[in-house]
Amino acid sequence: MAGVTHTAGTTTVTVPTAGVYQIDYYVTITAGIGASIAIAVNGTVDPSTPVTALVATGEVSGTAMLTLAAGDVLTLRNNSAVALTLALAPSVGAQFNIIELG
């Protein structure tokens, strides 16, 4: 999608235009049963996005439809007090797919 801003090595993605977005998010964990991942918009976790890790190792994923404003900043974060460990390279530890629907 044109205009999305992300700097490699950082934790944020900025959306270019206002609209409805489908966001698919995944983390591959090697420890952290009970941890919760979620999407934060401008630093605040959207209440529709937390997903709890019910396995000790494996993939935790979620999908959200969010109405966003131009310039909103998205972050995928651990939304719990339970620590989690992401899979290391060459595996993908965390991934976000953002699709503008309109």
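Two strands are taken to pair if DSSP finds at least two bridges between them. The structure treated in these exercises is a predicted model.

**Exercise 1. Determine which strands pair with E3, and in what sense each pair runs.**

Step 1. Begin with strand E4, residues 44–45, which is joined to E3 by 2 bridges, the two strands running antiparallel; this count satisfies the criterion of at least two bridges. Within this pair, Val41 has Thr44 of E4 as its bridge partner.

Step 2. Turn next to the connection between these two strands: E3 and E4 form a hairpin with 2 residues between them, and Asn42 lies in the turn. The phi angle of Asn42 is near 55°, which is a positive value in a residue other than glycine. With a relative accessibility of 46%, Asn42 counts as partly exposed, since that class covers the range between the buried limit of 20% and the exposed limit of 50%.

Step 3. Consider strand E5, residues 51–52, which is also antiparallel to E3 and is joined to E3 by 2 bridges. Here Ile37 stands opposite Val51 of E5.

Step 4. Finish with E7, which runs antiparallel to E3 and is connected to E3 through 5 bridges. Two of the facing positions can be named: Val41 stands opposite Leu74 of E7, and Ala38 stands opposite Arg77 of E7.

**Exercise 2. Decide whether the residues of E3 are buried or exposed, and explain what this implies for the strand.**

Step 1. Separate the strand into its two faces: Ser36, Ala38 and Ala40 point one way, whereas Ile37, Ile39 and Val41 point the other way.

Step 2. Apply the cut-off, under which a residue is buried if its relative accessible area is under 20%. Ser36, which is placed in E3, has a value of 7% and is therefore buried.

Step 3. Extend the assignment to the whole strand, residues 36–41: 6 of the 6 residues are buried, so E3 is largely enclosed by the rest of the structure.

Step 4. Examine the surroundings of Ser36 as an example. Not counting residues up to four places away in sequence, Ser36 touches Pro50, Val51, Thr52, Arg77, Asn78, Asn79 and Ser80.

**Exercise 3. Describe the settings of Tyr21 and Phe96, using their strands, accessibility and spatial relations.**

Step 1. Locate Tyr21 in strand E2, residues 19–31. Its relative accessible area is 0%, so Tyr21 is buried.

Step 2. Follow the side chain of Tyr21, which reaches the backbone oxygen of Thr17 at 2.5 Å. Tyr21 and Ile98 are 77 residues apart along the chain, yet their C-alpha atoms are separated by 6.6 Å.

Step 3. Locate Phe96 in strand E9. Its relative accessible area of 19% falls under the 20% limit, and Phe96 is therefore buried.

Step 4. List the contacts of Phe96, leaving aside neighbours within four places in sequence: these are Val13, Ile23, Asp24, Tyr25, Ile39, Leu74, Thr75 and Leu76. The C-alpha atom of Phe96 is separated by 12 Å from that of Ile37, a residue 59 places away along the chain.

Step 5. Relate two of these contact residues to each other: Val13 stands opposite Leu74 in E7, and E1 and E7 pair in the antiparallel sense over 3 bridges.

**Exercise 4. Characterise the largest pocket by its volume, its lining and the strands that contribute to the lining.**

Step 1. State the volume, which is about 260 Å³ for the largest pocket.

Step 2. Describe the lining, which comprises 17 residues; among these, Val27, Leu76, Arg77, Ala94 and Gln95 lie nearest the centre of the pocket.

Step 3. Sort the lining residues by class, which gives 8 nonpolar, 8 polar and 1 charged residues.

Step 4. Assign the contributions of the strands: E1 (12–14), E7 (73–78) and E9 (94–100) each supply at least two residues of the lining. Of the contributing elements, E7 gives the most, with 4 residues.

Step 5. Connect this result with the first exercise, where E7 appeared as an antiparallel partner of E3; E7 is also paired with E1 in the antiparallel sense.

Methods. Residues are numbered from 1 along each chain as its sequence is written. This is a predicted model: local features need pLDDT of at least 70, side-chain atom pairs count only at pLDDT 80 or more; totals for chains, interfaces and linings use all residues. Side-chain values use heavy atoms; hydrogens and water are left out. On a 1 Å grid over the protein atoms alone, a cavity is a set of points where a 1.4 Å probe fits but cannot get out, and a pocket is an open set with protein on both sides within 12 Å along at least five of seven lines; lining residues have an atom within 4 Å of a point. Grid points are joined across faces, edges and corners, and a volume is the space filled by probe spheres set on the points. Ala, Val, Leu, Ile, Met, Phe, Trp, Tyr, Cys and Pro count as nonpolar, Asp, Glu, Lys and Arg as charged, and the others, Gly among them, as polar. Buried means under 20% relative accessible area, exposed over 50%, partly exposed in between (1.4 Å probe, protein chains only). Contact means heavy atoms within 4.5 Å. A polar contact is a pair of N or O atoms within 3.5 Å; within protein, one must be able to donate a hydrogen and the other to accept it, and residues adjacent in sequence count only if both atoms are side-chain atoms.
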